[in-house]
Amino acid sequence: MNENLIRELNGSALAYLGDAVFEVLVRKYLLSCGISSSGKLNKLALSFVRATAQSAALDNILPLLTENEEYIYKRGRNANGIAIPRSASAVEYRRATGFEALFGYLDLTGQSERAEELFKLAYVDVIKSIENPDAADNGK
């Protein structure tokens with residue numbers, strides 16, 4: 001898909017793809033940790049894919065986005081026709097939609113390394129708690 005066509009896609013369309021792209025990033029990451037229990041995989045995945053988690057993770061990467069990435073994020077955040085679930089506030093859900101739009105855009109433009117980089121930076125604390133659960137327990 002060429003850049004002009006991608007830029008014509010609305011924020012909702014980018015978020016639609018970004019939701020799937022992001023889900024794959026999460027699943028690949030969790031499997032790379034050696035986790036094989038489907039129950040544990042699903043439980044841990046929620047700490048990445050919930051709108052509230054995505055909104056919070058966005059704070060870690062927002063200052064690091066390029067001007068173009070921020071533009072794409074805002075297009076997703078400001079998309080029309082978004083139905084807000086009860087599990088998140090309207091602000092959280094819109095931010096999560098922008099977050100997913102960014103990952104959709106990165107996928108369509110072949111920037112998988114950038115997507116992985118932003119994923120790891122966005123969830124640095126969640127990743128630390130998964131990779132070193134004893135440190136998380138000792139900190140409490």
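Guide: Before we start, one term: buried means under 20% relative accessible area, exposed means over 50%, and partly exposed is in between, using a 1.4 Å probe and protein chains only. What you see above is a predicted model, where local features need pLDDT of at least 70, side-chain atom pairs count only at pLDDT 80 or more, and totals for chains, interfaces and linings use all residues. Residues are numbered from 1 along each chain as its sequence is written, and side-chain values use heavy atoms, with hydrogens and water left out.

Visitor: Is Ala 15 buried or exposed?

Guide: Ala 15 sits in helix α2; helices here are DSSP runs (H or I, at least four residues; strands are E, at least two), numbered from the N terminus. Its relative accessible area is 6%. That is under the 20% limit, so Ala 15 is buried.

Visitor: Which residues does Ala 15 touch, not counting residues up to four places away in sequence?

Guide: Contact means heavy atoms within 4.5 Å. Ala 15 and Ala 96 are 81 residues apart in sequence, yet their C-alpha atoms are 8.9 Å apart in space. With residues up to four places away left out, the ones Ala 15 touches are Thr 97, Glu 100 and Ala 101.

Visitor: How far does α6 reach from its first C-alpha to its last?

Guide: Helix α6 covers residues 90–108, which makes 19 residues. The expected span is 1.5 Å times one less than the number of residues. For α6 that comes to 27 Å, and the model is close to it, at 27 Å.

Visitor: What do the buried residues of α6 pack against?

Guide: There's a long run of them: Arg 95, Ala 96, Thr 97, Gly 98, Phe 99, Glu 100, Ala 101, Leu 102, Phe 103, Gly 104, Tyr 105 and Leu 106. They pack against α1 (3–8), α2, α4, α5 (67–77) and α7.

Visitor: What is the relative accessible area of Phe 99?

Guide: Phe 99 lies in α6. Leaving out residues up to four places away in sequence, Phe 99 touches Phe 22, Gln 54, Ala 57, Leu 58, Ile 61, Tyr 73, Ala 122 and Tyr 123. Phe 99 is buried, and its relative accessible area is 0%.

Visitor: What about Arg 95, is it buried or exposed?

Guide: Arg 95 is also a residue of helix α6. Neighbours within four places aside, Arg 95 is in contact with Ser 55, Leu 58, Asp 59, Tyr 73 and Arg 77. Its relative accessibility is 15%, so Arg 95 counts as buried.

Visitor: And which residues is Leu 106 in contact with, leaving aside its neighbours within four places in sequence?

Guide: Leu 106 is in α6 and counts as buried, at 0% relative accessibility. Those neighbours aside, its contacts are Glu 69, Gln 111, Ser 112, Arg 114, Ala 115 and Leu 118.

Visitor: Moving on to α3, which of its residues are buried?

Guide: The end C-alpha atoms of α3 (residues 38–49) are 16 Å apart, which agrees with the 16 Å that its 12 residues should span. Asn 42 and Lys 43 are exposed, on the other side from the buried ones. The buried residues are Leu 41, Leu 44, Ala 45 and Phe 48.

Visitor: How wide an arc do they cover around the axis?

Guide: The arc is that of the directions from the helix axis to the C-beta atoms. The buried residues of α3 are on the same side of the helix, because they cover an arc of only 110°.

Visitor: How are α3 and α4 set relative to each other?

Guide: Axes are lines fitted to C-alpha atoms, for helices over the stretch in contact, and angles run from 0 to 180 degrees between N-to-C directions. The axes of α3 and α4 come within 5 Å and cross at roughly 50°. Angles under 35 degrees count as roughly parallel, over 145 as roughly antiparallel, 65 to 115 as roughly perpendicular and the rest as oblique. The two helices, α3 and α4, are therefore oblique.
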